[in-house]
Amino acid sequence: FHENSHYYDFFEEHGEENVGFGQELKNPQMEDVHYDYPVCGVDEDIICTPEPDEFNPCEDIMGYKFLRIVVWFVNLLAILGNIFVLFILLTSHYKLTVPRFLMCNLAFADFCMGLYLLLIASVDLHTRSEYYNHAIEWQTGPGCNTAGFFTVFASELSVYTLTVITLERWHAITFAMRPDRKIRLRHALVIMLGGWLLCFLLALLPLVGVSSYSKVSICLPMDTEKPVAEAYVVFVLVCNIIAFVIICACYIKIYMTVRNPQYKSGDKDTKIAKRMAVLIFTDFLCMAPISFHALSAIMSKPLITVTNSKILLVLFYPLNSCANPFLYAIFTKAFRRDVFILLSKFGICKHRAQVYRGQTVSS
C-alpha cells in the first residue's frame, strides 16, 4: 500500500495522525464489530481475468431459467429409464442374445449421459446467480473433467452402440436364411469391447492434454489451440458423421428389404417405415449438437452462441438417452414380456405373463 502514489497524495492533505490508519474503528451501532478502513485510489485500473468471451459469457451454466427446470426432468428420465431397462434385461430368465446384450450396452451409455446432466444441473443449482464466482474453480477442477469424461464417453459409446445395433439388424434381415452367417454373442462381445476401448480413449485424451474440458462451462472438449487438439475434435466429428451415414444407409436397406414381395411383411411395412424414421430423426437430433460444437471449436468461433447452444445441450443432445429406452426396449413386445414375467414372480399380472409365455416373441 505504501508503494501506491495515492498513499502520499492522501496523507499530504489529511495528515497520517488524524486518519486512524491501521487502527480498529468501531461502528457505534454495532459495538462488537470492528472494521479496518484502507485508503483506496479511486482512479485505479481494475483488471478482471479471464474476461468474458464467446465461449464463456458472464452467465450461469444453464443460461436460461426454464432450462434449469427442464434439465432435471431430462436427466432423471434418462437415469431412471435406463436403470429400468438394465434391471429388466439383466434379471430376465431368458438367454442373453446379441440384441439384448447390445441393448444393455446402449442403456449403460445413456445412463452415463444422464449422470453428466445430473452433475451439470447440480453445479448450476449450487452456483445459481453467482457462477462467475465459481467459474475458474469449476472449469479447471476435477468436477468439470469428470463431467466432460462422462459426456464424451457416453455420447460416443451410445453412437457406436446404435451403429452396431443397426448393422446387426441389417445383417439379420439380409442373411435371414443363412444360419451360418448369424452373428454370435462372442462376436458381439469382441465388437463392443473394441467400442468401449475406443470411447474410453476418446474421453481420456482431453484429460492428458489433448484438447481440454475447461474451455466452456458445460465441459465439452472445444479447445483447439494446438494442432493435435484440433485433429482430435475433427476425428470425433468425422466418426459421428460416418456413424450417422451408416445408420441411415442400413435403415434404408432394411426398408427396401421388407418392401420386397418375397419378404412377408404384410401390412407392417408402413409401420416399420415410420418407426425407422423416428429412429433416424432422434439420432440426427442427438448428433447435430455434437457436430455444431465440433465445428465451432475447429473454427474458433461459435456457429451459434454458447448461450443458445445450451438449449441444444439440454433438449436435443441427451434426446437419445431419453428416447432409446423406449424406442429400443420399453415399447417392444419382447421387453413387455420380460416385465410381465418378472411381475408374475411377485404374484402380479400372472395371466398376462402366461399369455406371453405361450407366445414366441421375435427379438
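Me: What makes F200, L204, L207 and V208 a nonpolar surface patch?

Reply: In this predicted model, local features need pLDDT of at least 70 and side-chain atom pairs count only at pLDDT 80 or more, whereas totals for chains, interfaces and linings use all residues. Residues are numbered from 1 along each chain as its sequence is written, and side-chain values use heavy atoms, with hydrogens and water left out. F200, L204, L207 and V208 together make a nonpolar patch of about 340 Å² on the surface; patch residues have over 30% relative accessible area and no salt bridge, and are joined within 5 Å for nonpolar side chains (Val, Leu, Ile, Met, Phe, Trp, Tyr) or within 9 Å for like charges. Areas are from the Shrake-Rupley method with a 1.4 Å probe, and for residues only the protein chains shown count as cover.

Me: How is L204 classed, buried or exposed or partly exposed?

Reply: L204, a residue of helix α6, has a relative accessibility of 31% and therefore counts as partly exposed, since buried means under 20%, exposed over 50% and partly exposed in between.

Me: Why is K182 called exposed?

Reply: K182 has a relative accessible area of 53%, and is therefore called exposed. The residue is found in the loop between α5 (142–174) and α6 (185–204), and K182 gathers with K95, R184 and R186 in a surface patch of positive charge. The sign follows from the residue types, because Lys and Arg count as positive and Asp and Glu as negative, with His and the chain ends not counted.

Me: How many salt bridges does a search of the whole structure find?

Reply: The search finds one salt bridge. It is formed by D124 and R68, whose closest N and O atoms are 2.8 Å apart, and the pair therefore meets the requirement that a side-chain nitrogen of Lys or Arg lie within 4 Å of a carboxyl oxygen of Asp or Glu. Because D124 lies in helix α3 and R68 in helix α2 (residues 65–91), the pair ties together parts that are 56 residues apart in sequence. Both D124 and R68 are buried.

Me: How do you know that the span of helix α3 is close to that expected?

Reply: Helix α3 (residues 98–126) has 29 residues and reaches 43 Å from its first C-alpha to its last, against an expected 42 Å, the expected span being 1.5 Å times one less than the number of residues. The helix is mostly covered, with 22 of its 29 residues buried. One residue found in α3 is L106, which counts as buried because its relative accessibility is 2%. The C-alpha atoms of L106 and Y160 are 8.9 Å apart, although 54 residues separate the two along the chain.

Me: Why is α10 said to be largely enclosed by the rest of the structure?

Reply: Ten of the twelve residues of α10 are buried, and on that ground the helix is largely enclosed by the rest of the structure. Among these buried residues are N320, C322, P325, Y328 and I330. Helix α10 (residues 319–330) reaches 16 Å from its first C-alpha to its last, close to the 16 Å expected.

Me: What is the phi of S211, and what of C219?

Reply: S211 has a phi near 65 degrees, a positive value in a residue other than glycine, and C219, also not a glycine, has a positive phi of about 60 degrees. S211 lies in the loop between α6 and α7 (227–259), where C219 is found too. S211 is buried because its relative accessible area is 4%, and C219 counts as buried because its relative accessibility is 0%.

Me: Why is K226 called exposed?

Reply: K226, also in the loop between α6 and α7, has a relative accessible area of 52% and is therefore exposed. K226 and G209 lie 9.8 Å apart, C-alpha to C-alpha, with their positions 17 residues apart in sequence.

Me: How many helices and strands does the protein have?

Reply: The protein has twelve helices and two strands, where helices (H or I, at least four residues) and strands (E, at least two) are DSSP runs numbered from the N terminus. Of the 363 residues of the protein, 44% count as buried.

Conventions:
Charge placed at Lys NZ, Arg CZ, Asp CG, Glu CD. Buried < 20%, exposed > 50% of the residue type's maximum accessible area, 1.4 Å probe, protein only.
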